[in-house]
Amino acid sequence: MKAIRIGLLPRIIIAIILGITFGQFLPEALVRIFVTINGLFGEFLSFIIPLIILALVSVAIAEIGNKAGRILLITVAIAYGATIVAGFLSYAMGISLFPSMIEQGALKSIDASSGALTPYFKVSIPPAMGVMTALILAFVLGLGMASIGSVSLKGACSDFKDIITKTIGAVIIPLLPLYIFGIFLDMTYSGKVFEILSVFVKIIGLIFLLHIGLLIFQYCIAGLVVKRNPFRLLSTMMPAYFTALGTQSSAATIPVSLEQSKRNGVADDVAGFVIPLCATIHLSGSTLKIVACSLALMMMLGMPIEFGSFSGFILMLGVTMVAAPGVPGGAIMACLGILQSMLGFDEAAQALMIALYIAMDSFGTACNVTGDGAIALVVNRIMGREPASSAQK
């Protein structure tokens, strides 16, 4: 008999439910065991985050840089621009709507009360380098490897990337439910978890609506460029949307996105280049979600929110998202470093961010891949290509 496989999102939901349930009656001694486990896992996360950035970003830049041609530059520019626009749109909507939904500083008391439960012991695991050091080094290595056409160094970096990706997929992601369980266990014991969940539900609903609005905006732009009905173009891409909703994987949706883009009139060779590339570099849905979630949590934690610092965060997020590994929850793992270094997220805030992000992981992925079709339409128009033979008239 085949073992039943439970996806990451259901495991996270189960962990939250169990954390809330057990947190209401477990004695302090048992709760402290999970606080200790979370402390150890948090130290490991702090250690691995700079390595994730170094390994993934350096190889991503090197691989993109090795390709050449006008179509690459156009696609990368449009994809990055779409990602940045999504980030600033999310910020504008969050600043406008969240204050009426979120109590400013609602989590301050939770931090104070949860701090009363200390771990039984701590193990310090200092990171090998700082987050910004890792990011700059990744840029230097990536651009350098692309410039000189390095084979040996790129091979070593690719092996390092495989090791880090394997660590994420085999260690970090499987342990996340236990980590989330410990966080919600601690918060329930502290007595404020239901206040947090009520806000989480509102944020999730609003971000879903923002995703839909973003797709309509993207296809209105594409419709203006190609002079076609944007809603018909968007409806043609719906099979890709629902495929991504079920698989939670941009890579697994590529065949469907490719076929539907051709049905929208994108030339075969353009679709064959743009769709797989955008599955890696275009993450407007994920960026929208990360910006909205981080903004909401900063309000709940009473952290100062400045447009200047958030602008830098969004611009850097657009680059970091390119390196997101192809595993569920990989995007949030890739951006933990800049959440920490640029927005000041501590371990508790990062844990809440992970839980909130993964609760909507499939929606972000679906928005990403559906938006790829809009980018393919624009690139096809700029390149002056004839529509695919399977295009809908």
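Is F242 buried or exposed? In this predicted model, F242 is exposed, with a relative accessible area of 53%. The value places the residue in that class because exposed means over 50% relative accessible area. The paragraphs below set this residue in the context of the whole chain.

The protein chain contains 16 helices and zero strands. Of its 393 residues, 51% count as buried. The accessible surface comes to about 16,300 Å², and carbon and sulfur atoms account for 68% of that area. Contacts across the sequence were also examined. Among contacts between residues at least 6 apart in sequence, 86% join residues at least 24 apart.

The interior was described in terms of nonpolar cores. In soluble globular proteins, nonpolar side chains tend to be buried together. The largest nonpolar core in this model has 111 residues, and the residues with the most contacts inside it are L176 and F313. With residues up to four places away in sequence left out of the count, L176 touches I12, F41, M333, I354 and I358. Another core, of seven residues, lies apart from the largest one; A15, V31, V35 and F181 are among its members.

Aromatic rings were considered next. A pair of aromatic rings is described by the distance of the centres and the angle of the planes. A search of the whole structure finds 10 aromatic pairs. In one of them, the ring centres of F34 and F181 are 4.9 Å apart and the planes stand at 75°, so the pair is edge-to-face. This pair links distant parts of the chain, since F34 belongs to helix 2 and F181 to helix 6, 147 residues apart. The two partners also fall into separate accessibility classes: F34 is partly exposed, with a relative accessible area of 22%, whereas F181 is buried, with a value of 10%. The boundary that matters here is 20%, because buried means under 20% relative accessible area.

F242, the residue of the opening question, forms an aromatic pair with Y241. This pair is edge-to-face, with 5.4 Å from centre to centre and 85° between the planes. Y241 is buried, with a relative accessible area of 7%, while F242 is exposed at 53%. Elsewhere, ring pairs link F88, Y91, F307, F310 and F313 into a cluster. F313 is also one of the two residues with the most contacts inside the largest nonpolar core.

Nonpolar side chains also appear at the surface. A nonpolar surface patch of about 710 Å² is made by L30, I33, I37, Y120, F121, V123, V171, L175 and L178. Helix 2, spanning residues 28-66, and helix 6, spanning residues 152-190, each supply at least two residues of the patch. One of the patch residues, L175, lies in helix 6 and is partly exposed, with a relative accessible area of 35%. A patch residue must have over 30% relative accessible area, and L175 at 35% satisfies this requirement.

P174 is likewise found in helix 6 and counts as partly exposed, at 36% relative accessibility. Leaving aside neighbours within four places in sequence, P174 is in contact with R11, I168 and G169. R11 is 163 residues away from P174 along the chain, yet the C-alpha atoms of the two are separated by 9.2 Å.

Two further residue pairs bring together separate parts of the sequence. I212, in helix 7, is partly exposed, with a relative accessible area of 32%. The C-alpha atoms of I212 and C367 are separated by 7.8 Å, although their positions lie 155 residues apart along the chain. D269 has its place in helix 11, residues 268-281, and is partly exposed at 41%. D269 and N380 are 111 residues apart in sequence, and their C-alpha atoms are 9.5 Å apart in space.

Backbone geometry was also considered. Most residues other than glycine have a negative phi. K227 has a positive phi of about 60° although it is not a glycine. This residue lies in the loop between helix 7 (193-226) and helix 8 (230-236). K227 is exposed, with a relative accessible area of 64%.

Note on methods
Residues are numbered from 1 along each chain as its sequence is written. This is a predicted model: local features need pLDDT of at least 70, side-chain atom pairs count only at pLDDT 80 or more; totals for chains, interfaces and linings use all residues. Side-chain values use heavy atoms; hydrogens and water are left out. Patches are made of residues with over 30% relative accessible area and no salt bridge: like charges are joined within 9 Å, nonpolar side chains (Val, Leu, Ile, Met, Phe, Trp, Tyr) within 5 Å. Accessible areas come from the Shrake-Rupley method with a 1.4 Å probe; for residues, only the protein chains shown count as cover. A salt bridge is a side-chain nitrogen of Lys or Arg within 4 Å of a carboxyl oxygen of Asp or Glu. Helices (H or I, at least four residues) and strands (E, at least two) are DSSP runs, numbered from the N terminus. Buried means under 20% relative accessible area, exposed over 50%, partly exposed in between (1.4 Å probe, protein chains only). A nonpolar core is a set of buried Ala, Val, Leu, Ile, Met, Phe, Trp, Tyr and Cys residues joined through side-chain atoms within 4.5 Å. Contact means heavy atoms within 4.5 Å. Rings of Phe, Tyr and Trp (its six-membered ring) pair if their centres lie within 6.5 Å; planes under 30 degrees apart count as stacked, over 60 as edge-to-face and the rest as tilted.
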